[in-house]
Every structure is written in structure tokens, then in C-alpha cells.
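This report sets out what can be read from the atoms of one protein model. It begins with a pocket and continues with strands, individual residues and overall totals.

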Amino acid sequence: MKRLLLSISFAAVLLVLAACGGEEESAEGAEESGEVRTVEVAVSSSSRPLSYVGDDGELTGYEPELLRAIDEKLEGYEFNMEGASDSAGEIGLDTGQYDMLAQGLILSPEREESYLVPDESNGPSLMKIFATGDQEGEIESLDDLQGKNVVPVTPTGGVFNLLNGYNEEHPDNQIEFDTSDGGIPTSDRLQEVNDGVYDALVHPSNLGQQEIIEEAGLDIHVTEPVEINPTYFLIHDSEENTELRDKVSEALAELKEEGTVSELSNEFYGEDILQYEE
């Protein structure tokens, strides 16, 4: 019986090795034969100017146009972008429904552990505080948020890590905040601040807040950046996506060098955000 079990185990190992070898040969073969692999990419559809649906019904904005520029550089790949909410995009990335997620994402230890991350960022995100208008001069930095009613933050995002990090470094000036599951539009959060439901929203400033404030006539005070973080495209962790991660990173570096990233930044943000990148 023991000999039989050993034989079965040895055969199973051979099958696994054969399968792995088959995948590699398949990938190499596909590249040699000119076959194109479709990469499913989830992007936000309502975060103007980062990523939104244009008047023609097509996804556009800083990240979709940057993804198209990357796609043009990658032989053997074709990006298929789909609009998704923050939570749906991250769940889809976990399950493999999406190969890549682009939502102005700041790294966290959990994200670094769960996904493949290109070495090259897709640009910096400027973290600012959006406070009620009557608190101009009173709320200008994280130091001023003690005792304030802060809008809840998602438990895996960059704002959560920023506030937690601040509290660890400032035990005598703690910022109290709750967490939420996300999915609440930025426009709704800004309206809540305007209405006095909350005193302040700590948020990346690349999601069209200024346009929302101006269009809705909100009385919101916006601070200077309280932190600058690089943002990244996150990639589903699988063997076949390792090469995709490396190629995306190489393409991003080339696009920065060629000036394409700066051009897109000026087009959608009105300034070259790469000036803030270290």
C-alpha cells in the first residue's frame, strides 16, 4: 500500500510540474505566435478627473488615458477597462475577476501583501483636509483635528494609515475617527461637511473635489497638502501576472521620461503632479 501511495504522489508531482511547464510554454508560445492576452482592468467611473465617463460614454480621465498609453507600449496585451465602485473593484481583484485595479490607490501593508505592485508609481496623490468654511484658520493641518468630528475612513486605505500613523506619533494629540466600508461618493461626503454633519474630510485631492465644491456652491475650506503619497496600479497575484507587473512598471518609467505622464497631469489636474514626486 505504501509503495502504491508513493507512486501516486510521484505521479501527482509530475502532473503539477508538467502543468507549470505547460503554462510557461503556453505564455512563451502565445508571445511568439503574436497572440494577444486581454487584461481586465477595473477603474472608477465617477471620480472626475481621476477616472470618469466622458460625454461620449467612454471612460476617460488621468488614469484611463495613462492606461491606454501603457497599453500602446505593451506587445501581447490588450487592456479592457470596466467601471467599478471602490469595493467592487477590490473584491474583483481579490477573486481574479479583474487582473488590474486603478483607483488612485495608495499602498498599505495589506495591499503590498495581497497584490502584485509595479515598482514604478503612476503619480503622487496629494492628501488634503476639506473642512467647513467657518473653520478656515482653525483647521490647517492634522494637528488641528483633535476633538473634531472627522468623516469615517475605509479600513484598508491610505487615509486610515495616515491617521493611524499620526496617532502613533502623537499620543498626546489623538485624532478620533470611525471606519466605514466605503462606496459613499466624494460629493456626498463633501455635502455632509458643508452641512456640518462632520467637521472635516481627509482625502486625496485628485478626485475632483474642487469641481464638486464649485458646481454645488459648497462652503468648504481646502488646506494645503498634509501628505504626499505615490499611487499605484494593483495587480492580481498570480504567476502569469508577474510579467505583466514588470512590463507595466517599465512602461510607466518610459512614459514619465517621455513627458506623457506630465502632459496627462496638466490636462486633467491643471498642474504637473510629478513635481511632487521625490
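## The largest pocket

Helix α3 contributes the most to the lining of the largest pocket, with 5 residues. Helices and strands here are DSSP runs (H or I of at least four residues for helices, E of at least two for strands), numbered from the N terminus. The model is a predicted one, in which local features need pLDDT of at least 70, side-chain atom pairs count only at pLDDT 80 or more, and totals for chains, interfaces and linings use all residues. Residues are numbered from 1 along each chain as its sequence is written, and side-chain values use heavy atoms, with hydrogens and water left out.

The largest pocket holds about 1100 Å³ of space. Among its 47 lining residues, D86, I184, T186, H203 and L207 are the closest to the centre. A pocket is defined on a 1 Å grid over the protein atoms alone, as an open set of points where a 1.4 Å probe fits, with protein on both sides within 12 Å along at least five of seven lines; a cavity is a set of points from which the probe cannot get out, and lining residues have an atom within 4 Å of a point. Grid points are joined across faces, edges and corners, and the volume is the space filled by probe spheres set on the points.

At least two lining residues come from each of β2 (46-47), α3 (86-95), β6 (100-106), α5 (158-169), α6 (186-194), β8 (200-204) and α7 (209-216). By class, the lining comprises 18 nonpolar, 20 polar and 9 charged residues. In this classification Ala, Val, Leu, Ile, Met, Phe, Trp, Tyr, Cys and Pro are nonpolar, Asp, Glu, Lys and Arg are charged, and the others, Gly among them, are polar.

## Strand β7 and its partners

Strand β7 spans residues 123-132, and 10 of its 10 residues are buried. Buried means under 20% relative accessible area, exposed over 50%, and partly exposed in between (1.4 Å probe, protein chains only). Two strands count as paired if DSSP finds at least two bridges between them.

Three antiparallel pairings involve β7. It is joined to β10 (residues 227-235) by 5 bridges, with G123 opposite T231. The pairing of β7 with β8 also has 5 bridges, and there A131 has A200 as its bridge partner. With β9 (residues 220-222), β7 shares 3 bridges, and T132 stands opposite I220.

Within β7, I129 counts as buried because its relative accessibility is 0%. Leaving aside residues up to four places away in sequence, I129 touches I139, S141, L142, L145, A200, L201, V202, H221, V222, T223 and V226; contact means heavy atoms within 4.5 Å. The C-alpha atoms of I129 and L142 lie 8.1 Å apart, with 13 residues of separation along the chain.

## Strand β1 and a three-stranded sheet

Strand β1 (residues 37-43) is largely enclosed by the rest of the structure, because 5 of its 7 residues are buried. It pairs in the parallel sense with β5 (residues 77-83) over 7 bridges, where N80 is the bridge partner of E40. A parallel pairing with β6 extends over 3 bridges, and V41 stands opposite M100 there.

An open sheet of 3 strands follows the order β2-β3-β4, with antiparallel pairing. Its edge strands, β2 and β4 (59-60), each pair on one side only. Strand β3 (residues 51-53) is joined to β4 by 2 bridges, and Y52 has T60 as its bridge partner.

## Residue N167 in helix α5

N167 lies in helix α5. This residue counts as buried because its relative accessible area is 10%. Beyond residues up to four places away in sequence, N167 touches N173, Q174, I175 and F177.

## Overall totals

The protein has 9 helices and 10 strands. Of its 278 residues, 45% count as buried. The accessible surface comes to about 14600 Å², with 45% belonging to carbon and sulfur atoms; areas come from the Shrake-Rupley method with a 1.4 Å probe, and for residues only the protein chains shown count as cover. Among contacts with a separation of 6 or more, 74% are between residues 24 or more positions apart.
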